[in-house]
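Colleague: Got a minute to go through this one with me? Put it up on the screen and I'll fire questions at you.

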Amino acid sequence: MRDRAAQADPQQELAERLRLLQDLSGLGVRALARDTGLSSSSLSRYLNGQTVPPWPAVVALCRLVKRDPRPLRPLWERTATPLPAPPKSSRQGRPRPRNDLPRDVPDFTGRAEQLAAVLAAVDSHRAVSVDGMAGVGKTCLAVHAAHRLADAFPDAQLYVDLHGFTEGRPPLDADSALRMLLGALDVPSERVPQEGLEALAACWRSELADRRVVVVLDNAADADQVRPLLPGAGDSVALITSRNRLLGLEEVPPVSLDVLSPRESAELLARASGDDGPDGRLARDPESAAEVLRRCGHLPLALRLAGARLRHRPGWTVGILVERMAEGASEFDTAFAMSVRQLDRAQARLFRMLGLLPGESFDAYVAAALADVPLRTARAMLEDLVDAHLVQQPAAGRYRLHDLVHQHARRAAAEQDPEAERERALGRVLDYYVHAAAAADAAMPFLSPGRPATVGPPPAALPRFTDKHAAFAWLVSEYANLIAVFETAAAVGADVHVCELPRLLRAYFARRCGTTHLNFLFERSLAAAERLGDPLQLAEAHSDLGFARYNAGRMPEAADAYATAGTLVSGSGDRRAEAELALRRGYLSWDAGRVEEPLELFRLAGTLYEQAGFPAGAADAAAAQAWAMLQLGHRQEAARVAREVLAVPHSDPAWPPALSARITLGVAVADEAPEEAAGHLEQALAVARADGHLNNQAWCLNCRGVALRRMGRYEEALASHREAFALLDALFEEHWKIHFLNGYAETCRLAGLPEEALRLHRQALELAPRLGNRHEEALAHEGVAALLEATDPAAAAEHRAAGQALLRDLPVG
């Protein structure tokens, strides 16, 4: 008889039914897996109730023991399609699921047997590897299959090029690939392990466990590169392509591709050339058509290139096409070389230059900078290259080169273009990305106002960002390219670019909670600044690294970096750099538990910003002053300064000074003007949610909890605190909690939850010393003392004494 838990859980009930089938078979797991064609690891998960099996696996088990599977179908459907779980806090405001798949080719031809094998392998093993020679159509088949599977895997459709055989760059290591994939799933970097491939792979498998995702891992070098990227438990699937047979992936079925058959080759050439009628040129000259197929090696990529030439040359006969192809160097290069020869001089130069781009996909702006031509000209030439099948267009406005074409372009540039010209072209690309990132940073002022780029002259054309959302969308789409540009700049010794680019990505990382990677980038920037030897550049690099350390909760390291920056910047005469450093030191000083010093630093920052002519920075410093006054109990003064900040004209509802001031004002007036306070805090929370900034949402929610507690609305206050801490848990922002634990605990105490209050105060006592925040540590001791007063007077006295000692020893300046 089944127990109640199994009856209540359809997945466990199904697992029990499957175990009965195993009992009937009399086989162990390995033997049962062998006889049903399933993997032993997957079968073990099905039998243990860890994973819901696909329906064909249930059918295979039933057939093995000669049982009708149809009675199990209703139970399987209840298990496979349960009621949707409520959304997690970390995904609030999340955009539609990510789809990175390249465009499915409209002339997909043949491969019916191989496509069926790919889909069957995915169904049975949740992974498949497609191998074959270069240009044989591996990526085309995998992407076509992924598009077919997209509806069944609605949570995301991901694509990553592993560059296993890309000339001029090493294969993408599994560590970097995992970080890219986790980023594509919007996993905050704080939840991503900083070190260790096994930990990263475990994090990836954990994220996939409750999602249905299809992942295309293109151009793999070997099994070792791919193995950590494979999904674990759950329903997600992986489609892998490689020029090599991945023998090391024992549980991943292989599908090998050969060249197309003569019939399929002829069909693809006819479709690609637009000449598939019975009276067309191919039909009139079958011998020449057969020679085109032979010279293309029956390779799909080469056939498409040859077909494109014929389509765009209506005056050519097929014989002329054969003559032009005969001038090519090899079976692979004939179509490429022939296509390039049909380009005019400017188009051919752009094509060669594209081989120098360090990123993956690209747009017309970077192509214009690369070739040093007007944007309109670059767009027209790119369209010509798309028509020639030399450039692919996976999405509107985005372009990429197939690996083989990229190799051809890179070799052609090395052979035909002087080294000095290639260096200048690459330099224009590096300059473009720094200037474009500066423009995006200026459109999303989440931090202090961005400094203009100081690298080479700005390009003639830059993207125009109508608002911060457009700027953020550009940063998201270009992020992989920006990191590739950073690495390229570091490799070629472009130290100014290495210094400036991470500084312009701070707003992006603030939105993506990417403190781990930002620390890594600023460490590299500091090394570049040391090589440059410019005192101001070096001062800003230390300040930026300190800011990254601070946001990661690494307070002692932040203090050291700020101290070094202060020594360097003091004699520079750069008021803006001094102001930014003073503001940052104020935040650090406050978190260290100092009392008067933060206020003085915030006032100094405001004065310096005014002297430098940056009113937005001065407003930011004033908002910080108001917040510090509020924490010190000076509510009226805090409210006055907050109202002054809100009176500063601004167009963005999420402007940081206004958001800080509104939160401060809401808490400051909660006692005497509860309706006004609630309005300010609700407006701040709505703005933070619309902006998608999760840290700001947590801040708003916790402050709303404090204000509601002061109004006596304890249940609402508790709900607000709990929602805030759910966000912080999802973000892995442990160090942020120190600002809110004691306030949350006080709400619990007044709401009649003393045990919960005690737990929170003790959590603050564990966290505060690690962060060096003696002020919050003292408050936690006082809170514990108040809670223990009636039950354990001696312990309460010890905590009160410890808190008073900390407050006595707190520096005031």
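Modeller: Sure, and keep in mind that this is a predicted model. Let's begin with α9, residues 174-184. Right after α9 comes Asp186, and its phi is positive, near 60 degrees.

Colleague: And the other end, what caps the N-terminal end of α9?

Modeller: Asp173 does that. One of its side-chain oxygens sits 3.2 Å from the backbone nitrogen of Asp175.

Colleague: Which residues of α9 are buried?

Modeller: Ala174, Ala177, Leu178, Leu181, Leu182 and Ala184. They're on the same side of α9, because the arc they cover around the axis is only 155 degrees.

Colleague: Remind me of the helix geometry behind that?

Modeller: With 3.6 residues a turn in an α-helix, residues three or four places apart point the same way.

Colleague: OK, and what do the buried residues of α9 pack against?

Modeller: A mix of strands and helices. The strands are β1 (98-99), β3 (156-161) and β4 (213-220), and the helices are α10 (197-208) and α11 (223-226).

Colleague: Back to positive phi for a second. Which residue between β3 and α9 has one although it is not a glycine?

Modeller: His163, in the loop between β3 and α9. Its phi is about 55 degrees. His163 is also buried, since its relative accessibility is 6% and the cut-off is under 20%.

Colleague: What about Arg126, what's its phi?

Modeller: Positive, about 60 degrees, and Arg126 is not a glycine either. You'll find Arg126 in the loop between α7 (112-125) and β2 (127-131).

Colleague: Is Arg126 buried or exposed?

Modeller: Buried, with a relative accessible area of 10%.

Colleague: Switching to cysteines. How many disulfides are there?

Modeller: Zero, after a search of the whole structure.

Colleague: Why no bond for Cys296?

Modeller: Distance. The closest cysteine sulfur belongs to Cys140, and at 15 Å from the sulfur of Cys296 that's too far for a bond.

Colleague: Is Cys296 buried or exposed?

Modeller: Buried, at 0% relative accessibility. Cys62 counts as buried too, at 1%.

Colleague: Then Val65, where does that one lie?

Modeller: In the loop between α5 (55-64) and α6 (73-80). Val65 is buried, with 13% relative accessible area.

Colleague: What does Val65 touch?

Modeller: Leaving out residues up to four places away in sequence, Val65 touches Leu21, Leu24 and Ser25.

Colleague: And how does Val65 sit relative to Ala201?

Modeller: The two are 136 residues apart along the chain, and their C-alpha atoms are separated by 37 Å.

Colleague: Zooming out, how many helices and strands does the protein have?

Modeller: 40 helices and eight strands. It's as compact as a globular protein of its length, because the radius of gyration is 31 Å and the globule rule gives 28 Å for 813 residues. The C-alpha atoms fill a box of roughly 100 × 80 × 45 Å along the principal axes.

Colleague: What share of the residues is buried?

Modeller: 55% of the 813 residues. As for the surface, the protein exposes about 34600 Å², with 52% of that supplied by carbon and sulfur atoms.

Colleague: Last one: what do the contacts look like along the sequence?

Modeller: Take the contacts between residues at least 6 apart in sequence: 67% of them join residues at least 24 apart.

Technical notes: Residues numbered from 1 in each chain as written. Predicted model: local features only at pLDDT ≥ 70, side-chain atom pairs only at ≥ 80, totals over all residues. Heavy atoms only, no water. Buried < 20%, exposed > 50% of the residue type's maximum accessible area, 1.4 Å probe, protein only. Helix = DSSP H or I, 4+ residues; strand = E, 2+ residues; numbered from the N terminus. Arc of directions from axis to C-beta. Contact = heavy atoms within 4.5 Å. Polar contact = N/O pair within 3.5 Å; in protein donor to acceptor, adjacent residues only side chain to side chain. Disulfide = S-S within 2.5 Å. Rg over C-alpha atoms; globule rule 2.2 N^0.38 Å. Areas by Shrake-Rupley, 256 points an atom, 1.4 Å probe, with all protein chains shown as cover.
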